[in-house]
Amino acid sequence: MTYVLRKMAMVLPTLLVVSLTVFILIRLIPGDPVLLMVGDIQNPQAIVDARRSLGLDQPFIVQYFLWLKSVLTLNLGHSVVTGQEVTTLIADRFWITARVVVVAMAVALFFAVPAGLVAAWQRGRLADRSIVFVSILFLSVPSFWVGLLLILVFGIYLHWFPTIGYAGVAYLVLPVACLALAQAGSFVRLMRASAIDVLRMEYVTHAYAKGLSDGAVLLRHVLKNAFAPTLTFAGWVLGALLAGAAVIETVFTLPGLGRLLVDSIYARDYPVVQGIALFVACIYILMNLLVDMLYPLLDPRVRL
Amino acid sequence: MPHTFRLYGWMLLAAAAVLLLARAPNYDPLAVDLSAQLRPPSLQHWFGTDQYGRDLFSRVLAAGPLSFAVCGFATLVALFVGGSLGAVAGYRGGWIDTLISAIVDSLTALPALLLALLIMAVLGPSATGVAVAVGLASAPSVARVLRSSVFSVREKEFVSAARLFGTSETTIFLRHVAPNCVTPIAVVAATLAAQALLIESALSFLGLGAPPPAATWGGLLADSRQFIMTAPWLGLFPGITLSACVLAINFIGDGLRERFDPGLQT
Amino acid sequence: MNSGERQYILDLKNLSISFGDRHVVRNASLRLERGEVFALVGESGSGKTLLGRSLLGLLPPAATSAAERLVLDGDDLSKAPQSRWRSVRGSKVGLIFQEPMVSLNPSLPIGTQLAEAMRLHTKLSLPKIREMACELLAKVRVPDPAAALHRFPHQFSGGLRQRIMLASVLLPRPKLLIADEPTTALDVIVQKQVLDVMVALTRELGTTVLLITHDLGLVAKYADRVAVMRNGEILESGKVDTILTAPKHEYTRNLLASVSRVFEGPHSKSNAPALLQLSNVRVSYSSTGSSFLGSRTGPIEALKGISLEIKKGETLAIVGESGSGKSSLGRAVLGLNRISSGTIRFDDLLLGPETRRGTRALGGQAQMIFQDPYSSLNPRMRALQAVCEGLLQDRSLSSAARTERGMTALQEVGLAGYESRYPHQLSGGQRQRLCIARALIVRPKLLIADEPIAALDATIQSQILDLLSDLKRAHEFTCIFISHDLAAVRRIADRVAVLCRGELVECGSTEALFETPRHNYTKQLLEARPLLLREENGNYRLV
């Protein structure tokens, strides 16, 4: 029980630090959103009014706490550009991003976990070298370039998949493939490293001494123990991808959360940027909490 | 295997260096030649030309130094900021460690790209800005690695032995702890550099990188997007060059990691 | 030929194992009789582990092996393919080895692991297997076997885990059990428990045991026959009694001699002044892993009020098992750990709970040599640099003077010519010599040796102990020797203090303690550790 409580207790300070950082950074961005909003600079009274309504005339700390208060009531403010509620905007865009990211991760893990195991098992031999080479290759290639290539080959030359916008599942195939490729590389690397560690453990020699075949040893003894660090990493990656998907979404013109973030930065849309950053951080924290909950299943030494 | 990979890495980088210093059919990367727009690769223009008739090969070459400069500077920033925080946290322990660790751990909740985006928004578009943004965004992971590295060295018995002679803490740090943290730093630095190149190119691709006319490979890739159907070579070559460099750095880093990880060596 | 087969469970002739062109086992031949306990003795690098592994066909992939004859219970396995070995492993031959911490898969309950070999080699039903497992667990004295089947390895102590391993390996009733250093990682008293259980159970089941060990005391106590191995060759073999009374090979004689010596040096004068006085010293640690919410469990008291006096010039041994607090005591005396209450008087210096930077206060008058030769030297410093480090505090010494003193120090410990080597270029024994030189170069009044020889081979241990005695005579320092190894203690110490769970249990002269121990715990310790003693006629006997 203490394990769970301890993990949950870390959430609050994390959120505070994150929200403060985001808040400070946003405030440091040059450019005055009020002017953007009001448009007409000729009317000083309108400007003052607008400032007051946005709460921008208050001292910094007060602004921060006011914002925190509204966040806790799930009110993230309104977009300066469109006037929509930030929460609605995020909710609309989030599902596309989430779908792409989650499926991409699942695909990446599906290929990476066995690959990492095989590479560790065949350490130093041809299978290992090829797997490592390919995974480093995947790691090194910028995801947006892969995206461009995929568009070129599968979208334009082969006409297999649509490439722009979003109007159905088919539009997600290429983005998912693109993201999965990039992630697979780092998962393989991690899985291989932890499998190598596990293979050195005495209980693996012991399993062999009982007469188990390679396959049985790998599946029954190595997999579970080697997967644990990869799972932790996957949780972190999931959170990171929600923002990193910005690039993929730009390439494939998907109406997702990342694109919204970038567009809002351009447009100096404070509330939206703030809201997204905070949202992403929350998802990351949630994901990690989930992973922490799942961890005891893999490693009984960690008691729930 | 690690040695072969490291070798490939250095070889690739050497090739890149040679190319950068080489004199191709001498075109000014900024020279506009409207008579030669969007030409595919040929003997005159090895990589083809872009929409303004500029020679792509020269542009790719010219973008190299800037890309590397940003990457290098970002790595230094990350190493310096993250490194100092991590070292202090690891060596002092106690409440300083708890404080720094809490902050660093919390900052990892903001993905590097997001953090870089935000910092860029504050600093405005400029090459230095990109370097600083990427560097600061990567600092938390450096801090973590260095903290655990310093921590483990600190517990070693030769440090206790040094204390028994009455050596001051600063001297112990400089004489014993720091030199033994060099190899983990080298590995982290390689990973950082590769990641910095990628993040920088992503930022440029999103239009938030160094402003024109200074171009990095990411920027070239961004420009190529609109011509993807008509002139695919515009995206192909900068991409290959960028990937090759990142690949080289990753090979070196991986080779270092395999070599210095105790126990992984049979 | 048939009667021969029936008599010998293992007939091994001329086994050779090599890694490339490096031969690690050369023409080794062994014959194991059914039901006996056969010990294979050797130091590190002797090839004994590899020999054991080859009897399971479990050599590392880089190794090549060939044997003229390898007959296991009537089956000729000298050219057997892996599939043949897989059917033999676990069912005919079992392996139990050193680290109980990692020899069981931490993520599977022990019931599953116990059943694994049975399900592979037999067609018995799961309930039947479970029944047999419970029976065996009861025999190895695991409490509540039925419930234990569902628990995980980390819920058991080291000794229990090793016994569970034993049950797991013996469940399919193999004919041969290879025990590779099965108790080296365990405390002395636990060692005895595990070995007693092992020997009793194998005797009951009629299993032959190949006990691979470096510990001659264990051999004398538990084994019927023994073979001595060095550098891949079997030097001699025979009945244990015969070997103990008339060892043929010089190496065997050296080995026996190094583990059986008693204290020979001059005893310190009993009216010598006290150099060190501990009064009711307590040391506690906050539990590891200070979490954000503060430590979960309370502080651990490593030392619970120790009062001890150490006279100038003597060698006091502090004996105890893991968790006894002996290391904490050493570190507290040196100021490396803070004491939570009580006082330590070192000469005219007083250390108490308020003292910060105790090491500074002592100013190098006390030095320590540590157990782990790997982490006690900076891997980036050459031998000469490492040795001279202590001298750097003295600003009055010139660089040349330092170098000279460093070279002398290296010579004293027998490392002349090694001054430019890095630690990884030195053997374990050489590293420990370097540490000794480093500690003694500042001419400390007190030297604390914390398990200095535990990680070394028997013959090297002997050399280091001799070195320490010689240096002590030459430089006249006081020595505190912390160890769990009673044989070493018997050899080097004037007086012995016994610690048990942070408390001082008994303290007296070495002779008195070994001959007539008073406290129960001391008696237990002595009983558990089989010690060899050399008699006047040159024989060795077990005490």
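How many helices and strands does chain B have? I began the notebook with this count, and I keep in mind throughout that the model is predicted.

**Entry 1: chain B, overall**

I find ten helices and zero strands in chain B, and reading from the N terminus the order of elements is accordingly α-α-α-α-α-α-α-α-α-α. Of the 266 residues in chain B, 55% are buried. When I take the contacts in chain B with a separation of 6 or more, 67% of them join residues 24 or more positions apart.

**Entry 2: helix α2 of chain B**

I then looked up α2(B), which covers residues 56-92 and has 37 residues. From its first C-alpha to its last this helix reaches 52 Å, which is close to the 54 Å expected at 1.5 Å a residue. I noted a kink of about 25° at Gly64(B), and this position comes shortly before the proline Pro65(B). As for its surroundings, α2(B) is mostly covered, since I count 26 of its 37 residues as buried. The residue that follows α2(B) is Gly93(B), and its phi is positive, near 65°.

**Entry 3: confidence in chain B**

Where in chain B is confidence lowest, and where is it highest? The mean is lowest, at 69, in helix α1 (residues 2-21) of chain B, and highest, at 89, in helix α6 (residues 157-164) of chain B. Over residues 262-266 of chain B the pLDDT is below 50, and beyond near neighbours in sequence this stretch has two contacts in the model. I leave that stretch out of any close reading, because predicted coordinates should not be read in detail where pLDDT is low. For chain B as a whole, the average pLDDT is 80, and 88% of the residues score at least 70.

**Entry 4: where chain B touches chain A**

I turned next to the contact between chains B and A, in which 38 residues of chain B meet 38 residues of chain A. On the side of chain B, the elements that give two or more residues are α3 (94-107), α4 (112-123), α8 (182-205) and α10 (233-260). The largest share of that side comes from α10(B), with nine residues. Sorted by class, the side of chain B that touches chain A has 28 nonpolar, seven polar and three charged residues.

**Entry 5: where chain C touches chain B**

For the contact between chains C and B, I note 21 residues from chain C and 14 residues from chain B. In chain C, α13 (358-362) and β16 (366-369) each supply at least two residues of the side that touches chain B. By class, this side of chain C holds seven nonpolar, nine polar and five charged residues.

**Entry 6: chain C, overall**

Chain C has 20 helices and 22 strands. Its C-alpha trace spans about 80 × 55 × 45 Å along the principal axes. I compared its radius of gyration, 26 Å, with the value near 24 Å that a compact globule of 543 residues would have, and the two agree. Buried residues make up 46% of the 543 residues in chain C, and 69% of its contacts with a separation of 6 or more are between residues 24 or more positions apart.

**Entry 7: Gly47 of chain C**

Is Gly47(C) buried or exposed? I count Gly47(C) as buried because it has 24 C-beta neighbours inside 10 Å, where the cut-off for a buried residue is 20 or more. Gly47(C) sits in the loop between β3 (37-42) and α2 (48-54) of chain C. Leaving aside neighbours within four places in sequence, I find Gly47(C) in contact with Val24(C), Val25(C), Met229(C) and Gly232(C). By way of a distance check, Gly47(C) and Tyr521(C) are 474 residues apart in sequence and 37 Å apart in space, C-alpha to C-alpha.

**Entry 8: positive phi in chain C**

Asn280(C) is not a glycine, although its phi is positive, about 50°. I place Asn280(C) in strand β11 (residues 274-285) of chain C, and I class Asn280(C) as partly exposed because 13 other C-beta atoms lie within 10 Å.

Arg443(C), also a residue other than glycine, has a positive phi near 50°. Arg443(C) lies in the loop between α16 (428-440) and β17 (446-450) of chain C. With 12 other C-beta atoms within 10 Å, Arg443(C) is exposed, because the cut-off for that class is 12 or fewer.

Definitions and conventions:
Residues numbered from 1 in each chain as written. Chains lettered and ligands numbered in written order. Predicted model: local features only at pLDDT ≥ 70, side-chain atom pairs only at ≥ 80, totals over all residues. Helix = DSSP H or I, 4+ residues; strand = E, 2+ residues; numbered from the N terminus. Rg over C-alpha atoms; globule rule 2.2 N^0.38 Å. Contact = placed C-beta atoms within 7 Å. Nonpolar A, V, L, I, M, F, W, Y, C, P; charged D, E, K, R; others polar. Expected span 1.5 Å × (residues − 1). Bend = angle between axes of the 7 residues up to and from the residue. pLDDT = per-residue confidence, 0-100.
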